[in-house]
Amino acid sequence: MTFNGFTEQDFDSLTVPGLEPRMEAIISRVRPKLEALGGALSPYLSVLCGEDMYPHVAKHARRKVNPPIDTWIAWASSKRGYKALPHFEVGMFSTHLFIIFAVIYESPNKAVFADYVQKHTAKIKKAVPGEFYWSMDHMDPGGKLHTDTSSQALKDMAEKLKTVKKAEIMCGLRIERDDPILSDGEKLTAKIEETFGSLLPLYQASF
């Protein structure tokens, strides 16, 4: 399948009432596009990172009652899974698409990245584009713009990441659902590649 971008209907899949109906909508409408994106971007990410990067589409297998409020595809350096590793993601809430680097709570690399952030805060402040955002909760569709994030706030996030067992951190770009680029597969793919390129120093700093 060729990746042709996302539609309003794809975002609406995440507001369908009920677990089973919402999962049906995600599986039929969104997942094939995420899988196509996974295949399209894996070669680029493998070259970018200097090692094979494997796509993993969210299955939401643990959900028994509450329907998922977002869905995504992740790329990591293991065929077996991504949660224990620093990784890249593209996904969506009903309101926007996100393109991020993430170290989530299952990863032992949290302390490595936290130490880097604390030691190189000024470098990160300069290197990360101002329109990118930071978040410490992958279930929260919000986050804080990098341009509004102080050096002290970065250090505080790093400290929380290192000391709180369930802490996690994400950084990247959000694109609102009504942005025309989302329906243009070629332009969106190029934007994702550009964003991952900007996030590469953070990814590399997490090992």
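Modeller: In this predicted model, strand S1 and strand S2, the latter spanning residues 70–76, pair in the antiparallel sense over four bridges.

Biologist: In what general way do strands of a sheet pair?

Modeller: Strands of a sheet pair through backbone hydrogen bonds, and the pairing is either parallel or antiparallel. In the present case, proline 55 stands opposite tryptophan 75 in S2.

Biologist: What packs on the sheet, and which strands are touched?

Modeller: Helix H6, residues 185–204, packs on the sheet and touches S2, strand S3 (87–93), strand S4 (96–103), S5 and strand S7 (169–176), while the direction of H6 makes about 25° with that of S4.

Biologist: What is the order of the strands in the sheet, and which of them stand at the edges?

Modeller: The sheet is open and has seven strands in the order S1-S2-S3-S4-S7-S5-S6, with antiparallel pairing. Strand S1 (54–57) and S6 stand at the edges, and because each has a single partner strand, one side of each is left without a neighbour in the sheet.

Biologist: How should I read a pair of aromatic rings?

Modeller: Such a pair is described by two quantities, namely the distance of the centres and the angle of the planes. In this structure the count comes to seven aromatic pairs. One of them joins phenylalanine 3 and phenylalanine 6, whose ring centres are 5.3 Å apart and whose planes stand at 65°, so the pair is edge-to-face, a term that applies over 60 degrees. Phenylalanine 3 is buried at a relative accessible area of 9%, and phenylalanine 6 is buried as well, at 3%.

Biologist: What are the distance and angle for tyrosine 203 and phenylalanine 207, and is each residue buried or partly exposed?

Modeller: Tyrosine 203 and phenylalanine 207 form an edge-to-face pair, with 5.1 Å centre to centre and 70° between the planes. Tyrosine 203 is buried, with a relative accessible area of 2%, whereas phenylalanine 207 counts as partly exposed at 46% relative accessibility. Ring pairs link Tyr203 and Phe207 with Trp75, Phe88 and Phe196 into a cluster.

Biologist: Where is methionine 139 placed, and which residues is it in contact with beyond its neighbours within four places in sequence?

Modeller: Methionine 139 lies in the loop between strand S5 (133–135) and strand S6 (144–145), and is partly exposed, with a relative accessible area of 33%. Leaving aside its neighbours within four places in sequence, methionine 139 is in contact with Arg63, Ile69 and Phe93. The C-alpha atoms of methionine 139 and proline 68 are separated by 9.4 Å, although the two residues are 71 residues apart along the chain.

Methods. Residues are numbered from 1 along each chain as its sequence is written. This is a predicted model: local features need pLDDT of at least 70, side-chain atom pairs count only at pLDDT 80 or more; totals for chains, interfaces and linings use all residues. Side-chain values use heavy atoms; hydrogens and water are left out. Helices (H or I, at least four residues) and strands (E, at least two) are DSSP runs, numbered from the N terminus. Buried means under 20% relative accessible area, exposed over 50%, partly exposed in between (1.4 Å probe, protein chains only). Contact means heavy atoms within 4.5 Å. Rings of Phe, Tyr and Trp (its six-membered ring) pair if their centres lie within 6.5 Å; planes under 30 degrees apart count as stacked, over 60 as edge-to-face and the rest as tilted. Two strands pair if DSSP finds at least two bridges between them. Axes are lines fitted to C-alpha atoms, for helices over the stretch in contact, and angles run from 0 to 180 degrees between N-to-C directions.
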